[in-house]
Amino acid sequence: MDKLKKVLSGQDSEDRGGLSEVVEATSLSSGTRIKGFIACFAAGILCSLLGTLLLWVPRKGLYLFAVFYTFGNIASLGRLKSALSSNT
């Protein structure tokens with residue numbers, strides 16, 4: 001019962017175990033986030049441009065456009081995630 005009171009009052013000073021170690025070990029530095037941002041930005045632009053250029057290929061152009069344009073948008077979302085991720 002005493003331990004529950006300590007936890008609820010915020011006075012529990014014990015280590016939370018492996019989870020806190022995992023969070024500290026997997027946090028990204030700002031330099032790594034910038035590199036991820038640049039990589040996702042380049043991949044997104046490349047896929048979107050390639051998809052647009054492949055639109056004019058006979059028969060399979062529309063399919064290739066959809067695939068590469070989708071990958072470009074997914075890379076853009078990754079770019080946003082790498083730019084906004086918090087350093088905890």
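Let me start with a definition: a residue is buried under 20% relative accessible area, exposed over 50%, and partly exposed in between, using a 1.4 Å probe and protein chains only. Take A66. A66 has a relative accessible area of 37%, so A66 is partly exposed. Keep that scale in mind.

Now, what are we looking at? This is a predicted model, where local features need pLDDT of at least 70, side-chain atom pairs count only at pLDDT 80 or more, and totals for chains, interfaces and linings use all residues. Residues are numbered from 1 along each chain as its sequence is written, and side-chain values use heavy atoms, with hydrogens and water left out.

First, the overall fold. How many helices and strands are there in the protein? There are 4 helices and 0 strands. Both kinds of element are DSSP runs numbered from the N terminus: helices are H or I with at least four residues, strands are E with at least two. The order from the N terminus on is α-α-α-α.

The protein has 88 residues, and 12% of them count as buried. About 7,200 Å² is exposed, and carbon and sulfur atoms supply 67% of that area. Areas like this come from the Shrake-Rupley method with a 1.4 Å probe; for residues, only the protein chains shown count as cover.

Next, contacts. A contact means heavy atoms within 4.5 Å. Look at contacts between residues at least 6 apart in sequence. Of these, 56% join residues at least 24 apart.

Let's move to helix α3. Helix α3 covers residues 30–54. Which residues form a nonpolar patch on the surface? They are I34, F37, I38, F41, I45 and L49. Together they have about 560 Å² of accessible area. Patch members need over 30% relative accessible area and no salt bridge; nonpolar side chains (Val, Leu, Ile, Met, Phe, Trp, Tyr) are joined within 5 Å, like charges within 9 Å. And a salt bridge is a side-chain nitrogen of Lys or Arg within 4 Å of a carboxyl oxygen of Asp or Glu.

One member of the patch is I38, and I38 lies in helix α3. Is I38 buried or exposed? Exposed, because its relative accessibility is 52%.

Two other patch members bring us to the rings. The structure holds 2 aromatic pairs. In one pair, the rings of F37 and F41 have centres 6.4 Å apart and planes at 10°, so they are stacked. The rule: rings of Phe, Tyr and Trp (its six-membered ring) pair if their centres lie within 6.5 Å; planes under 30 degrees apart are stacked, over 60 edge-to-face, and the rest tilted. F37 and F41 both sit in helix α3, 4 residues apart, about one turn of the helix. F37 is partly exposed at 32%. F41 is partly exposed at 40%.

Then there is the pair F65 and Y69: ring centres 5.2 Å apart, planes at 25°, so that pair is stacked. F65 and Y69 lie in helix α4, residues 61–84, again 4 residues apart and about one turn of the helix. F65 is partly exposed at 23%, and Y69 is partly exposed at 36%.

Now, where do α3 and α4 meet? Start with S48, which is found in helix α3. At 18% relative accessibility, S48 counts as buried. Leaving aside neighbours within four places in sequence, S48 contacts F68, Y69 and G72.

Turn to G72, in helix α4. Why does G72 count as buried? Because its relative accessibility is 0%. G72 touches G44, C47 and S48, not counting residues up to four places away in sequence. G72 and S48 are 24 residues apart in sequence, yet 5.0 Å apart in space, C-alpha to C-alpha.

Back to A66, also in helix α4. A66 and L55 are 11 residues apart in sequence and 8.6 Å apart, C-alpha to C-alpha.

What about the loop between α3 and α4? R59 lies there. R59 is exposed, with a relative accessible area of 87%. Its phi is near 70°, a positive value in a residue other than glycine.

Last, the record. An unreviewed UniProt entry annotates residues 36–56 and 62–80 as "transmembrane region". UniProt positions are given in the numbering used here, feature names are shortened, and annotations may be inferred rather than shown by experiment. In the model, residues 36–56 are 90% helix and 0% strand, with end C-alpha atoms 31 Å apart. Residues 62–80 are 100% helix and 0% strand, with end C-alpha atoms 27 Å apart.
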